[in-house]
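Please walk through the structure below step by step, beginning with a single helix and moving outward from there to the whole chain.

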Amino acid sequence: MENPDLTLELSSEAMQQLVAQAVERIIPHVASLPQQPSADAEGALEMARMLKEPLPQQGQPAAELLDLLFTHVIPKSFNTAGPGYLAYIPGGGIFHSAVADLVTDAVNRYMGLWLAAPGLAQLEANVIRWFCEIVGFPATANGLLTTGGSLANFSAVVTARRERLPEQFLSGMLYASDQTHHSVKKAALLAGFPEGNVRVIPTDDRCRIRVDALAQAITADRAAGCSPFLIVGNAGSTNTGAVDDLAALADLAQREDCWFHVDAAYGGFFLLTAQGKTLMRGLERADSVTLDPHKGLFLPYGTGSLLMRDGGALKRAHGVGASYLPSTDDDPDLMDFSQMSPELSRGFRGLRVWLPLKMHGIGPFQRNLEEKLALTQWATEELRKMLGIEIVAEPQLSIVAFRLVRSGMSPEALDQLNRDVLRRINARKRVYLSGTMLRQQFVIRICVLSFRTHLDRMQLAIEDIREAIAAIAR
Ligand SMILES: Cc1ncc(COP(=O)(O)O)c(C=O)c1O
């Protein structure tokens, strides 16, 4: 009790020094992103193993630790923040959100219950309201910020189960396409459904769910005594950015009395563009929508969102009281986030979205998304000019999938050839692309989503693809 250890209570000067030491390294790192390799994984595993160590008994100066991070640890990775990262779904990571996180963590307010920090909770509620406006939901809609799209899809499945099925729910059937993100299947399994209850519906030549096949599957399942309850539509699939016919899915869901969830984790913010609005017509009729700010709003990883047409549904599915908690308020304006999700204590995710949107308005986000659509179209036209390249999936949003074709080659040899092309493109370290399997064929994909990616980087991408193909021919 006497002489308590005050080491963890930093003085004002110590706080200032620690932040200054971090900023001294962060700013040059971020400023030099375009010059850094697009990925540097050589020796990364060995480096990771060398980091193993027992629980530290002694302290070490912050400067040394930060140097270890910035000199050895951070560079040995995919450069997911750089302009050359065109793989999977790029995040980007606007700096404003990093500063918001520092504020959030420094003030460390409790965000599970509205009354613990009403002003901050209102800022998060504002963000949700703005997202509801973007998707065209009514004023009665509601939602919350999650850690990402997977958790949003999970809570969507749990909510649909609660709203549409009895407590004994094992006859409930879910429907998604063969292009739906695997987090939907994972969500169904975590929500207690057997794997066989997830019906995988085939897609058309543009990777969109075949609504006729879906309708047939629902009819057959009903006839077999099952209970169809959830249809999942894609607004931007991970493989190719495919957008399902959402209006047709909304009609079918209505006819069949199914919950209609749209996974717009990747594609949803393209609603801010004219092209996206046209393509995603019908999304506003969904019961729930997953929308990821750490994709289409360029935030650092760690923020997804789930929006619900019926504002009370999340609470009905997730709300559980406890004697040691204050009773929650029924006023729909006072949202207790812990009653709307699996989490109790949670970080304050609102500020990392609120700060950049308030600082700049939606304009720069909108213009960046329009630019990404145009860059993808530009890259597609350049690819089309290359001899032997087949565009396997024309861009619907900001993803194009292509492959090299050679007559007389076996499917296995062609796949291997394309894997080799991909390896050569990435080896130049100016861009980083990823591949996927589409209709049993290996294809290379370009996904343009970073706010740091502009025409100059796309020109490098095209140069490197051309060079990789030429090298194969030599
Ligand atoms: C369409 C789609 N849905 C869901 C997810 C899962 O999102 P998260 O990685 O944020 O959990 C992804 C991730 O890429 C995605 O592309």
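In this predicted model, helix H15 runs over residues 411-427, and its 17 residues reach 24 Å from the first C-alpha to the last, which is close to the 24 Å expected at 1.5 Å a residue. Just after H15, Lys429 takes a positive phi of about 65 degrees.

Which residues of H15 are buried? They are Asn418, Val421, Leu422, Ile425 and Asn426, and, seen down the axis of H15, the buried residues fall within an arc of 125 degrees, so they line one face of the helix. It helps here to recall that an α-helix has 3.6 residues a turn, so residues three or four places apart point the same way. On the other side of H15, by contrast, Glu412, Ala413, Arg423 and Ala427 are exposed. The cover over the buried residues of H15 includes strand S9 (399-404), strand S10 (434-438), strand S11 (441-447) and helix H16 (455-473).

From this helix we can step back to the division of the chain. The protein chain is divided into domain 1, residues 102-362, and domain 2, residues 364-473, and the centres of the two domains, taken over C-alpha atoms, are separated by 30 Å. The contact between them takes 21 residues from domain 1 and 18 residues from domain 2. On the side of domain 1 that touches domain 2, helix H10 (274-279) and helix H11 (293-296) each supply at least two residues, and H10 gives the most, with three residues. Sorted by class, this side of domain 1 has 10 nonpolar residues, 10 polar residues and one charged residue.

The last topic is the nonpolar core. In soluble globular proteins, nonpolar side chains tend to be buried together. In this model, the largest nonpolar core has 117 residues, and Leu86, Val135, Tyr175, Leu230 and Leu307 are the ones that touch the most other members. Helix H5, residues 118-135, contributes the largest share of this core, namely eight residues. Where does this core lie with respect to domain 1 and domain 2? Both domain 1 (102-362) and domain 2 (364-473) give residues to the core, so it lies between them.

To see the surroundings of one core member, consider Val135, which, leaving aside its neighbours within four places in sequence, is in contact with Gly268, Leu271, Leu283, Glu284, Val289, Leu291 and Leu307. One of these partners, Leu307, is itself among the residues that touch the most other members of the core.

Methods:
Residues are numbered from 1 along each chain as its sequence is written. This is a predicted model: local features need pLDDT of at least 70, side-chain atom pairs count only at pLDDT 80 or more; totals for chains, interfaces and linings use all residues. A nonpolar core is a set of buried Ala, Val, Leu, Ile, Met, Phe, Trp, Tyr and Cys residues joined through C-beta atoms within 7 Å. A residue is buried if 20 or more other C-beta atoms lie within 10 Å of its own, exposed if 12 or fewer, and partly exposed in between; C-beta atoms are placed from the backbone. Helices (H or I, at least four residues) and strands (E, at least two) are DSSP runs, numbered from the N terminus. Domain bounds come from an automatic or database domain assignment. Two residues are in contact if their C-beta atoms, placed from the backbone, lie within 7 Å. The expected span of a helix is 1.5 Å times one less than its number of residues. The arc is that of the directions from the helix axis to the C-beta atoms. Ala, Val, Leu, Ile, Met, Phe, Trp, Tyr, Cys and Pro count as nonpolar, Asp, Glu, Lys and Arg as charged, and the others, Gly among them, as polar.
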